[in-house]
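Here's a quick walk through a single chain, for anyone who likes to have the fold in view while reading. Have a look at the model first, then read on.

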Amino acid sequence: MTARRILFVDDRPEVAHQPVARLRMEGYDVDEATSGGEAKAALEERPYDLLVFDADLPGSDGWEVLKWLRSGQPASDMKVLVFMAGKGETGRLMLVSVDAELRRPFSLRALVDAVAKVIGKP
């Protein structure tokens with residue numbers, strides 16, 4: 001049985017390190033991207049069960065990647081979990097659908113629980 005595959009997108013590797021390591025320890029297959037462009041390239045290259053992204057990416061931000069994904073790309077039905085600021089950004093959730101959101105700050109346990117709820121355990 002193949003592990004569930006996740007694309008984790010955050011422009012700050014120092015911030016992404018612990019969440020990515022924890023998801024891998026749980027048994028998920030996790031690839032990383034640090035920009036919207038890298039995320040699009042990865043999504044076009046291979047299938048993923050879940051896209052986990054920071055809503056505030058430089059350049060092509062996370063919302064732009066999600067709009068692109070939902071606009072009819074081959075993986076337009078992919079599950080999506082978004083990290084958002086503690087306050088604000090809620091209006092954007094009405095414009096582009098996501099399957100789960102985590103508000104900062106959040107615990108690694110909350111991340112693992114949210115991922116398992118959206119795509120199941122590995």
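## Starting at one side of the sheet

Let's begin with β4 and β5: these two strands run parallel and are joined by four bridges. Within this pairing, Val82 sits opposite Glu101 of β5. Bear in mind as you look around that this is a predicted model.

β4 also has β3 to deal with, and that pairing is parallel too, over five bridges. If you want a register marker here, take Leu50, whose bridge partner in β4 is Lys79. How much of β4 is buried? Five of its six residues are, so the strand is largely enclosed by the rest of the structure.

## The whole sheet

Now zoom out. The sheet is open and has five strands, paired in parallel and ordered β2-β1-β3-β4-β5. Which strands stand at the edges? They are β2 (29-33) and β5 (100-103); each has a single partner strand, so one side of each goes without a neighbour in the sheet. Going from one strand to the next, the twist averages 20°.

## Helices on the sheet

Helix α1, covering residues 13-25, packs on the sheet and touches β1 and β2. Its direction makes about 160° with that of β2. Helix α2 packs on the sheet as well, with β1, β2 and β3 as the strands it touches. Take β1 as the reference for α2, and the angle between their directions is about 165°.

## The chain in outline

So much for the parts; what about the running order? Read from the N terminus, the elements go β-α-β-α-β-α-β-α-β-α, which comes to five helices and five strands.

A few totals help to round this out. The chain has 122 residues, and 40% of them count as buried. It exposes about 6400 Å², with carbon and sulfur atoms supplying 50% of that area. As for contacts between residues at least 6 apart in sequence, 61% of them join residues at least 24 apart.

## Two nonpolar cores

In soluble globular proteins, nonpolar side chains tend to be buried together. In this chain, the largest nonpolar core has 20 residues, and the members touching the most others are Leu7, Val9, Leu43, Leu51, Phe53 and Leu69. Where do the residues come from? Two or more are given by each of β1 (5-9), α2 (36-45), β3 (50-54), α3 (62-70) and β4 (79-84). The biggest giver is α3, with five residues.

There's another core lying apart from that one, made up of 19 residues. Phe8, Ala16, Val30 and Leu81 are among them.

## Charged residues worth a click

Try Arg5 in strand β1. Is it buried or exposed? With a relative accessible area of 17%, Arg5 is buried, since the cut-off for that is under 20%. Its side chain makes a polar contact with the side chain of Asp29, at 3.3 Å. Setting aside neighbours within four places in sequence, Arg5 is in contact with Asp29, Arg46, Pro47, Tyr48, Asp49 and Leu50.

Next, go to Asp31, which lies in strand β2. Asp31 counts as buried too, at 19% relative accessibility. Which side chain does the side chain of Asp31 meet in a polar contact? That would be Arg46, at 2.7 Å. With neighbours within four places again left out, Asp31 is in contact with Ile6, Leu7, Phe8, Arg46 and Tyr48. Arg46 and Tyr48 turn up in the contacts of Arg5 and in those of Asp31.

Finally, there's Glu44, found in helix α2. At 59% relative accessibility, Glu44 counts as exposed, because the line for that is drawn at over 50%. Glu44 and Leu69 are 25 residues apart in sequence, and their C-alpha atoms are 9.9 Å apart in space. Leu69, you may recall, is one of the residues touching the most other members of the largest nonpolar core.

Definitions and conventions:
Residues are numbered from 1 along each chain as its sequence is written. This is a predicted model: local features need pLDDT of at least 70, side-chain atom pairs count only at pLDDT 80 or more; totals for chains, interfaces and linings use all residues. Side-chain values use heavy atoms; hydrogens and water are left out. A nonpolar core is a set of buried Ala, Val, Leu, Ile, Met, Phe, Trp, Tyr and Cys residues joined through side-chain atoms within 4.5 Å. Buried means under 20% relative accessible area, exposed over 50%, partly exposed in between (1.4 Å probe, protein chains only). Two strands pair if DSSP finds at least two bridges between them. Axes are lines fitted to C-alpha atoms, for helices over the stretch in contact, and angles run from 0 to 180 degrees between N-to-C directions. Contact means heavy atoms within 4.5 Å. Accessible areas come from the Shrake-Rupley method with a 1.4 Å probe; for residues, only the protein chains shown count as cover. A polar contact is a pair of N or O atoms within 3.5 Å; within protein, one must be able to donate a hydrogen and the other to accept it, and residues adjacent in sequence count only if both atoms are side-chain atoms.
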